[in-house]
Amino acid sequence: MSSIENDQKFLLRSSLLNIFGAVLKVSGPALNFVVARYFGKEAFGIYISTQLWVAMMSRAAVLGLDKGLTWYVPQNKLHGRLWFEGIAESLRWGLIFAIIVFSVIAVMALTGSYTVFSGLESLSPQEIIFYIVSIIPWVFNLIFAGASEGNRKPQYRIFINDFAVFTFAPLIALVIFFVTDDKALSLPMGLFAANMIAVILYVFIMPRQFPGLKWITETKIPKALLSFSLPIGFSEFVVAFLLRADLWMVLVLLGPENAGVYAIMVTISNAIKTVRQNFNSILFPVVAGMEPEKMKRNLPHVYSYCVSLISTIQIGIGFFIVLFPEETLMLAGKEFVQNPEVLGILLFAGLFDGSFCFTGMILNGMGKSKFLLKLNVYSLILAVTLNLLLIPMFGLVGAALSTLSFQIFQGIWMNVELIRHKLWPYRRGLFVQLAWSVALLVLFILLNTVFNPELWLKIVIFASSASALVYLLVKRAAEKPPKNLE
């Protein structure tokens, strides 16, 4: 079987897993709607903002070793090294830096200096400590997931990191709240417990993936792994801040209640981004394992195959959000139903991200981590500037416009970089998805200007669109690679 056929087989199997995983990942955080109902807008806004802050700090502590392992594990096979080389060493480094970050934040909490983080001043020192302790199991889970993705086992990240953690966290928090009636500590305790459950699952899974794997080793971390990981680690930290900048700046500039409303919108629109993020673990190891001379020939098929699946699923979700924005927001309660047009803007930001910013995985697979770091730093500057200008002027709409703007900026620059390397990853077949995206945009504009259909007509439009998209998705998933690829 040729390399492209092997890649196609992996892409198909992983795509099916990702489609199922995307459904799980979207449905899991739906429990956050229940949290919003019981805890209210202000408490919910602070909870989501703080949870994202802990996620960002875990990015700082993991040093990019999770993404590094996704690149390094396939390289082990190419260079005849032990299959699990780099995993135990990464765990050791991750643990050390997670403890350092936890200790620093704990001291800041006890001394009251944690208030330098805008939005955290409403939390008690005890709450801060309970939140930040999750960084230790979180870092372990990131490293475990990265190694699994490098081993072409993306299902573990999908079902454990993306679904189990974010399902168990609100579920456990609600149970603790109903038992203790403590709103303050139930949320961080739920987050910590969910991450610990994930660690326990990985402890059983990893030795089966990597026979002979030792948890403790005195071997130094491979220089190539560290050299690749550190730039991408800082870049991932910047990205983590970048993706949350709009919510945090809404919290700072407009207050926790508006942050709670925007957090629900971000949670809903993340259903779009989740689809693309799930496919990262498919494309990255495939590109990392491609020999340079075959990349120009095989890459357009591999990339376009993934993008067509991503965008088709995203467009289907998009039709639901565009047609039923108020009904979707109502899941969290009447007080969250406002500015439904913000959902539409975030939706199209996610669609652009899935089609054009996915090229970041190609650049990562090519080892261009330093370029991505530079790109993300400039994007962060742009995002912060736009948020400072647009949020005071347009409120939540301004935050959403900022998100859309910096993603357009990233997508253009990444594609220019690929052209510079004489790579063009798009095939003509993607015009079908482009036409569907245009149709969705036209529908969004009409619904927000002159078109106000009855509920039954909205249901008919969605059912018709969903049926056509499912047919397109099945047809695309079953497509075989061209015979001229090898």
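## Contacts around Thr-328

Contact here means heavy atoms within 4.5 Å. In this predicted model, Thr-328 is in contact with Ile-268 and Phe-320, leaving aside its neighbours within four places in sequence. Thr-328 belongs to helix α12, which covers residues 325–329.

Is Thr-328 buried or exposed? The cut-off for a buried residue is under 20% relative accessible area. Thr-328 has a relative accessibility of 8%, so it counts as buried. A further distance places this residue relative to a later part of the chain: from C-alpha to C-alpha, Thr-328 and Leu-343 are 9.8 Å apart in space, and they are 15 residues apart in sequence.

## The protein as a whole

The protein has 18 helices and zero strands. Of its 486 residues, 58% are buried. The area that the protein exposes is about 20300 Å², and 68% of this area is supplied by carbon and sulfur atoms.

Contacts with a separation of 6 or more can be sorted by how far apart the partners lie in sequence. Residues 24 or more positions apart account for 85% of these contacts in the protein.

## Helices α4 and α6

Two packed helices are described by the angle between their axes and the distance between the axes. For helix α4 (residues 87–111) and helix α6 (residues 135–150), the angle is about 155° and the axes are 9 Å apart. Angles over 145 degrees count as roughly antiparallel, and α4 is therefore roughly antiparallel to α6. The two helices cross in a right-handed sense.

Which residues of α4 and α6 make the contact? On the α4 side they are Ile-87, Ser-90, Leu-91, Gly-94, Leu-95, Ala-98, Ile-99, Val-101 and Phe-102. On the α6 side they are Ile-135, Ile-136, Val-139, Phe-140, Ile-143, Phe-144 and Ala-147. By class, the residues of this contact comprise 14 nonpolar, two polar and no charged.

## Helices α13 and α17

Another helix pair is formed by α13 (residues 340–357) and α17 (residues 431–447), whose axes come within 11 Å and cross at roughly 165°. Because of this angle, α13 is roughly antiparallel to α17. The crossing of α13 with α17 is left-handed.

From α13, the residues that meet α17 are Glu-341, Gly-344, Ile-345, Leu-347, Phe-348 and Leu-351. Their partners in α17 are Ser-437, Leu-440, Leu-441 and Phe-444. Seven nonpolar, two polar and one charged residues make up the contact of α13 with α17.

## Thr-359 and Asn-415

Thr-359 lies in helix α14, which runs over residues 359–365. The relative accessibility of Thr-359 is 0%, so this residue counts as buried. What does Thr-359 touch, not counting residues up to four places away in sequence? The residues are Tyr-303, Met-414, Asn-415, Leu-418, Pro-425 and Tyr-426.

One of these residues, Asn-415, is found in helix α16, residues 396–420. Asn-415 is buried because its relative accessible area is 10%. Apart from neighbours within four places in sequence, Asn-415 is in contact with Phe-356, Thr-359 and Tyr-426. Tyr-426 thus appears in the contacts of Thr-359 and in those of Asn-415.

Terms used:
Residues numbered from 1 in each chain as written. Predicted model: local features only at pLDDT ≥ 70, side-chain atom pairs only at ≥ 80, totals over all residues. Heavy atoms only, no water. Axes fitted to C-alpha atoms, helices over the stretch in contact; angles between N-to-C directions. Helix = DSSP H or I, 4+ residues; strand = E, 2+ residues; numbered from the N terminus. Parallel < 35°, antiparallel > 145°, perpendicular 65-115°, else oblique. Left-handed = near helix turned anticlockwise from the far one by under 90°. Nonpolar A, V, L, I, M, F, W, Y, C, P; charged D, E, K, R; others polar. Buried < 20%, exposed > 50% of the residue type's maximum accessible area, 1.4 Å probe, protein only. Areas by Shrake-Rupley, 256 points an atom, 1.4 Å probe, with all protein chains shown as cover.
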